[in-house]
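Visitor: I'd like a walk through this one. Could you show it to me before I start asking?

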Amino acid sequence: MTLSDLTGIPPAQRAENRPQPERTAAVIAQAVIESHPDVVFAKDLDGRHQLVNSATARLLGRPTHEVLGKTVRELVDATSALHMEEQDRDIIATGETRVYEETLTIQPGDARTFVTTKGPILDDEGAVVGVFGVSRDITESKRSAEALQRSQDQLAHAQHIAGMGSWDWDLASGAITLSAELHRLYLNDPRTFVPTYENFFEKIHSEDRAAVAQAEQELIQDREFLSALLDSLKEGIVACDAEGRLTLFNQAAREFHGVTPSPVGPDQWAHSYSLYRPDGQTPLQKVDIPLFRALNGETVREAEMVIAPTDSDRRTTLVNGQAFYDGDGTKLGAVVAMHDVTERRALEDRLTYQTIHDALTGLPNRALFADRLGHALRRIQRRDGAVAVLFVDLDGFKVVNDSLGHQVGDQLLIAVAGRIGDCLRPIDTVARLGGDEFAVLVEDVADARQTIQLTERISTALREPFALPDRSVQVTASTGIAISTTGKEHPDDLVRKADIAMYKAKRTGHGRWKLFDDDMDEEARSRLVVQNDLSQAIEQGQLRLHYQPKIPLTGSSKPIWMEALVRWQHPERGLLQPADFLALAEESGLIVELGRWVLHEACRQGQRWRQTHPRQPMAVCVNLSARQFHGGQLASEVEHALRTADLPPEALMLEITESAMMQDVESAAVTLRALKSLGLQIAIDDFGTGYSSLSYLHHFPVDCLKIDRSFISNLESARHTRALVQGIISLAHALGITVAAEGVETAAQAARLRAMGCDSAQGYHFARPMPADEAAAAVPELMS
């Protein structure tokens with residue numbers, strides 16, 4: 001037996017205690033060991049306990065954690081400890097399983113008798129690495145047996161003194177058993193008399209025969225009563241005689257088997273009554289049938305057996321039984337009681353399934369995926385080959401979930417699971433790890449190209465619109481790939497590498513994939529350090545706001561709008577630009593907390609300017625992330641920031657990217673109207689990138705369009721760009737919307753935009769982002 005056999009947990013997974021899909025899955029095996037009434041333990045070669053159940057802890061009078069890691073010398077008296085250590089050395093030396101009956105003193109002054117089975121724990125190569133044991137306390141049953149034997153001896157002695165005897169009559173077989181004293185009274189030689197009812201009745205005095213007949217009638221009535229009683233039980237009761245012929249099938253047993261009993265011998269039991277092992281598939285051999293085991297002298301306890309008759313429902317039963325004997329110790333037969341646990345087992349199976357499957361999609365969950373990956377890795381250690389893990393993460397799923405609701409999000413996840421599964425072979429596994437993260441186990445990988453082709457098939461399938469019950473939704477997925485050719489990686493490590501590659505792919509653009517390499521590992525560790533530092537930066541006040549003014553191009557503009565741009569004053573790396581940390585903030589979710597700080601600090605600065613520069617009105621612009629915009633509480637958060645800073649709403653402009661708005665037009669319109677009702681200004685940032693959204697402008701209560709810098713950089717060199725920019729300006733003005741250009745770096749670009757009628761511009765041509773005081777001081781010169 002290996003420790004994996006004992007716990008149901010393969011060595012590579014024992015620490016994670018993950019459940020497996022087999023009936024010996026860890027989640028079941030550990031529960032069985034823990035709930036087992038007998039003492040169950042396992043020790044390493046140094047004698048230290050590596051596994052104990054609650055029964056062991058109760059016997060020792062200590063909590064489980066105080067037993068683990070200790071030797072018997074530290075737990076019981078020295079004499080008992082020496083005895084146990086001698087047994088362990090014998091098991092380790094011989095590699096054989098042995099059974100001991102022993103009297104030990106576990107608690108001071110309390111000597112108890114145990115029947116203990118000990119055997120070796122073997123590793124995968126067959127070497128002994130420890131000892132397992134199961135001990136049953138038989139103190140009370142042994143005392144009861146000894147007391148019963150003393151009572152029987154005393155009865156026999158009393159009968160001999162009194163010159164009286166006793167007899168038993170088996171109504172089923174007709175056999176009559178006489179006590180030794182009764183034999184002596186009748187014939188003085190028990191060997192010369194084989195009792196039957198007839199010759200026994202002849203020995204009775206004629207005056208007593210009527211009373212005996214009356215007693216016979218009472219016995220018949222008792223037999224009928226016993227039969228009715230047995231038939232009323234829910235447990236199935238089956239008995240056989242000493243030769244194995246079936247002698248009793250109560251009503252429940254007949255229902256379980258779907259047949260009436262027939263006088264077949266043990267060799268035909270399994271076939272005649274459709275008896276199977278717990279898997280319900282493997283027929284029971286004669287030696288494994290609980291009734292036959294009981295007939296052979298074994299005390300059967302909680303043996304699981306499946307009865308699967310052809311024309312009746314399959315039942316799972318737990319069987320208890322034992323042989324029974326006459327007063328002289330002659331075996332008369334055996335009896336078993338079968339308790340129907342079909343519904344309980346079905347519930348346990350459902351619970352086991354639920355512990356290793358995702359409740360929403362029905363896919364394997366992280367635990368089952370790790371289990372299958374572990375098996376796949378061990379297989380390629382034994383033969384050539386490779387396995388791959390794909391880590392698939394939906395792009396922008398949180399926005400879909402927040403804007404369209406969890407019901408739509410759940411429907412999308414179910415549909416995504418189906419599409420990924422359609423791309424796989426039967427030997428591959430797709431699992432949902434949580435949220436919008438899926439993992440694919442690819443076995444029998446010939447080369448990296450095969451895995452890349454599969455990844456591209458999945459990406460292509462996921463790009464197609466999903467026709468959900470209420471609407472159509474389109475998403476993309478970023479995928480990371482990690483491949484093992486040796487099988488020596490831990491399953492968690494291979495998944496982690498695929499996860500790292502996925503984030504690398506996501507940073508290069510939605511719908512991309514990346515194959516893991518060692519450089520990514522170092523980069524991931526560095527990013528983790530930055531992420532931790534960023535979390536502390538928010539708490540410790542290391543963030544700064546710089547401001548870049550928007551310069552009016554046509555006429556005068558009041559107030560002067562100042563765009564708030566975040567910087568990080570890192571204690572070791574100095575002042576960091578947004579490109580150094582904003583993408584990481586988006587990935588980690590810190591962007592929400594960071595964005596909240598920017599909003600509140602910009603509002604406070606806006607109010608400070610109003611107080612220090614009353615003749616030079618300045619207002620603030622704040623950029624919102626997609627997560628903030630679709631978070632559901634944006635309007636109340638903005639209202640709170642304005643109120644706490646005492647800033648008038650007309651002195652605040654919120655900038656939302658065009659892509660964030662277009663993820664869900666209807667939801668965006670509702671959010672924008674709620675913001676607009678506060679009295680603030682709204683601008684669409686990065687306008688013209690990725691969407692042809694001019695037709696949607698009438699849906700949105702927008703005050704300003706900001707033309708993306710990619711158009712401005714080509715303004716002088718590309719005629720079609722100039723025409724497009726002029727069209728945007730003209731249409732916006734027709735709708736009563738102002739236009740601002742960002743990324744203006746040359747005087748020629750500024751002149752061109754002014755000639756086109758663009759209302760304002762910002763960029764390095766006018767001013768770089770500056771701290772608040774410097775920005776305010778530069779405004780008069782910029783406006784001159």
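**Strands, helices and cores**

Visitor: In β4, which residue is the bridge partner of Glu-101?

Guide: A word on ground rules: residues are numbered from 1 along each chain as its sequence is written, and side-chain values use heavy atoms, leaving out hydrogens and water. The model is predicted, and local features need pLDDT of at least 70, side-chain atom pairs count only at pLDDT 80 or more, and totals for chains, interfaces and linings use all residues. Strands here are DSSP runs of E, at least two residues, and helices are runs of H or I, at least four, both numbered from the N terminus. Glu-101's bridge partner in β4 is Val-115.

Visitor: And how many bridges join β3 to β4?

Guide: Two strands pair if DSSP finds at least two bridges between them. In the β3–β4 pair, Leu-104 faces Arg-112 of β4, and the hairpin turn has 2 residues between the strands, with Gly-109 at a positive phi of about 80°. β3 and β4 (residues 110–122) run antiparallel, and the bridge count is 9.

Visitor: Which are the edge strands of that sheet?

Guide: The sheet is open, with 5 strands paired antiparallel in the order β2-β1-β5-β4-β3. An edge strand pairs on one side only, and that leaves β2 (49–52) and β3 (98–107).

Visitor: At about what angle does helix α5 run to β3?

Guide: Axes are lines fitted to C-alpha atoms, for helices over the stretch in contact (heavy atoms within 4.5 Å), and angles run from 0 to 180 degrees between N-to-C directions. From strand to strand, the sheet's twist averages 30°. Helix α5 (residues 78–94) lies across β1 (39–44), β3, β4 and β5 (128–137). Its angle to β3 is about 155°.

Visitor: Moving along, how many of the residues of helix α15 are buried?

Guide: Buried means under 20% relative accessible area, exposed means over 50%, and partly exposed is in between, with a 1.4 Å probe and protein chains only. The buried ones in α15 are Phe-397, Val-399, Val-400, Asn-401, Ser-403 and Leu-404, with cover that includes β14 (387–395), α16 (406–422), β18 (472–473), α22 (626–629) and α25 (665–676). Right after α15 comes Gly-405, with a positive phi near 100°. Helix α15 (residues 397–404) is largely enclosed by the rest of the structure because its buried count, out of 8, is 6.

Visitor: In the largest nonpolar core, which residues touch the most other members?

Guide: A nonpolar core is a set of buried Ala, Val, Leu, Ile, Met, Phe, Trp, Tyr and Cys residues joined through side-chain atoms within 4.5 Å. This one has 89 residues, and those touching the most other members are Tyr-547, Leu-652, Leu-654 and Phe-700.

Visitor: Which helix gives the largest share of this core?

Guide: Leaving aside neighbours within four places in sequence, the contacts of Leu-654 include Leu-599, Val-622 and Leu-624. A second, separate core has 32 residues, among them Ala-417, Val-442, Ile-452 and Val-475. Back in the largest core, the largest share is 8 residues, and they come from helix α21 (residues 590–612).

Visitor: Is Gln-548 buried or exposed?

Guide: Gln-548 sits in strand β21 (residues 543–549). Leaving aside neighbours within four places in sequence, Gln-548 touches residues including Trp-561, Met-562, Tyr-764 and Pro-769. With a relative accessible area of 8%, Gln-548 is buried.

Visitor: With which side chain does Gln-548 make a polar contact?

Guide: A polar contact is a pair of N or O atoms within 3.5 Å; within protein, one must be able to donate a hydrogen and the other to accept it, and residues adjacent in sequence count only if both atoms are side-chain atoms. At 3.2 Å, the side-chain partner of Gln-548 is Gln-762.

Visitor: How many disulfides does the count come to?

Guide: A disulfide needs two cysteine sulfur atoms within 2.5 Å. Cys-758 is buried at 0% relative accessibility, but its sulfur is 8.3 Å from the closest cysteine sulfur, in Cys-704, so that is too far for a bond. By the distance rule the disulfide count is 0.

Visitor: How far from Cys-621 is the nearest cysteine sulfur?

Guide: Cys-621 is buried, with a relative accessible area of 0%. Cys-621 is in no disulfide, and the nearest cysteine sulfur, that of Cys-704, is away by 7.9 Å.
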